[in-house]
Amino acid sequence: MSRLVVVANRVPDPREGGATAGGLAVAMKDALAKRDSLWFGWSGKTAEETGTEAAQVRHGSTTYATIDLGHDDYRHYYQGFSNAALWPVLHYRLGIARFDRRDYGGYTRTNAAFAAALAPLLRPDDTIWIHDFHLFLMAAELRRLGCRQRIGFFLHVPFPPRSVFNGLPHAAQLLEGLASMDAIGVQTEDDAENLRGALIAGGMGEAAMRVGAFAIGIDAAGFASLAARRVGSKDVVRLRDSLAGRSLAIGVDRLDYTKGLPQRIAGFGAMLERFPRHRGKITFLQVAPVSRGDVAQYRTLRRELDEGVGRINGQMAEPDWAPIRYITRAVARPTIAGFMRVARIGLVTPLRDGMNLVAKEFVAAQDPVDPGVLVLSRFAGAAVELDGALVVNPLDPDDIAEALDVAMDMPADERLDRWSRMWATVRANTAAAWCRRFLSALEGHEAVAEAGSSLEETPKRRRAKRAEA
Ligand code: ADP
């Protein structure tokens, strides 16, 4: 079997495995372990100049190769074009994106530097899999350097309609960069349609045929057993005791403006206003560690949340009850899993999200005998698969309020029925299955468009099966 080369902005710490590893590392784990592999990307460190030669560490069957980013490239490629321009635009937020020619210069320069540092490490029959929006231009750079290997790309975030995407300066070059890939994966059929539309309109119709939807999953069994194990741990018991019999609603997100946090807080407040019988009966715990704290929009968001939480707690709290608990420190993943299991309601209401793994983790964490209810944004990729959720418009606090009211009163049999449907999907479409599906498309065993839609078990597929029977 040929070697697998994974390229992503960040490279996981080879010593971290299992519960502490990030989503992509979990998803790639089986594939990396099964064959000789190389993971290439940024070390997470900055230096005077961007590195030209990768530092390499071997761990099991994988070599981890990293380069440092120069201060300028960190500022223009990472903070600038990737996080302040591409991230908002890909999440449909053209209006808050910040454009600067120097940022785009840093982006092209860093994509070229990544390609130049990777090229000497490549073997002729490697399969290369590039991840996410930081590296739209990398395959084109590799091709320029004469690399002929198969190159696949997966976009973890949404792809907006082309009228939005084309608002981005240099949109055409970015699309041309994508067109250099042999297989292009996105999360949902909507994303695939949007990207195909943009490619076709840009005269790259042939590349549009290489786009497919591959919904990413989680290590479902692993997360479920983690949650079950942690439910008796000190932190989780402390949380449960502190609730004094009240129901828990939980939100777990990076502190990011795509996650709909101000609207979620407002929705929770609206629920207490409009359905006063729930006052004193429910506590909402929002865990949202600060991310990208050095980008201006994130500082504004933090202030907005501080005020929103303060207002609702100030207005509604009783001496023995505060409606919202809000934590901006990081909480360990196993503890989060235990918290999710204790929660009666999972509130996952991003304004736009490629997939949203938290939604799937909430489902996996539930007690199969007494599961909680998922309140889920219709604008999360996960909403395509999780048809047992109460689906809301995250921009409408009243819609969130009404779903919370329904969730609070939902009888056990309905909770069980909704959860069982979602669990079947989450368990069938795991991270490892996602990885296999994409690689099989990339390595030419199946056409991309068909491979992409072959989720083992989707609501649509189940309905079709039922109709056939
Ligand atoms: P994104 O990639 O945009 O952050 P996802 O929901 O797809 O959103 O993935 C986030 C991952 O990070 C999940 O695995 C989730 O458990 C983890 N995570 C998010 N917020 C927290 C938090 N507050 N504490 C611990 N882990 C978190």
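User: What makes up the shell around the ligand, in terms of nonpolar, polar and charged residues?
Analyst: Seven nonpolar, one polar and five charged residues. Keep in mind that this is a predicted model. Of the 13 residues around the ligand, Arg254, Lys259, Pro289, Leu357 and Glu361 come nearest.

User: Why is the pair between Glu361 and the ligand called a polar contact?
Analyst: The cut-off is 3.5 Å for a pair of N or O atoms. An N or O atom in the Glu361 side chain sits 2.5 Å from a ligand oxygen atom, so the pair counts as a polar contact. Arg333 also has a side-chain N or O atom 3.0 Å from an oxygen atom of the ligand, and with Leu357 a backbone N or O atom is 3.0 Å from a ligand oxygen.

User: How much of the ligand does the protein bury?
Analyst: On its own the ligand exposes 560 Å², and 79% of that is buried by the protein. Helix H13 (333-342) and helix H14 (357-365) are the elements giving two or more residues to the shell. H14 supplies the largest share, three residues.

User: Switching to helix packing, why are H11 and H12 called roughly parallel?
Analyst: Helix H11 (residues 261-274) and helix H12 (residues 296-316) pack at about 10 degrees, their axes 9 Å apart. Angles under 35 degrees count as roughly parallel, so H11 and H12 get that label.

User: Which residues make that contact?
Analyst: On H11, they include Leu261, Ile265 and Leu272; on H12, Leu305, Val309 and Ile312 are among them. The residues of this contact split into nine nonpolar, three polar and two charged.

Methods: Residues are numbered from 1 along each chain as its sequence is written. This is a predicted model: local features need pLDDT of at least 70, side-chain atom pairs count only at pLDDT 80 or more; totals for chains, interfaces and linings use all residues. Side-chain values use heavy atoms; hydrogens and water are left out. A residue is near a molecule or strand if one of its heavy atoms lies within 4 Å of it. A polar contact is a pair of N or O atoms within 3.5 Å; within protein, one must be able to donate a hydrogen and the other to accept it, and residues adjacent in sequence count only if both atoms are side-chain atoms. Accessible areas come from the Shrake-Rupley method with a 1.4 Å probe; for residues, only the protein chains shown count as cover. Helices (H or I, at least four residues) and strands (E, at least two) are DSSP runs, numbered from the N terminus. Ala, Val, Leu, Ile, Met, Phe, Trp, Tyr, Cys and Pro count as nonpolar, Asp, Glu, Lys and Arg as charged, and the others, Gly among them, as polar. Axes are lines fitted to C-alpha atoms, for helices over the stretch in contact, and angles run from 0 to 180 degrees between N-to-C directions. Angles under 35 degrees count as roughly parallel, over 145 as roughly antiparallel, 65 to 115 as roughly perpendicular and the rest as oblique. Contact means heavy atoms within 4.5 Å.
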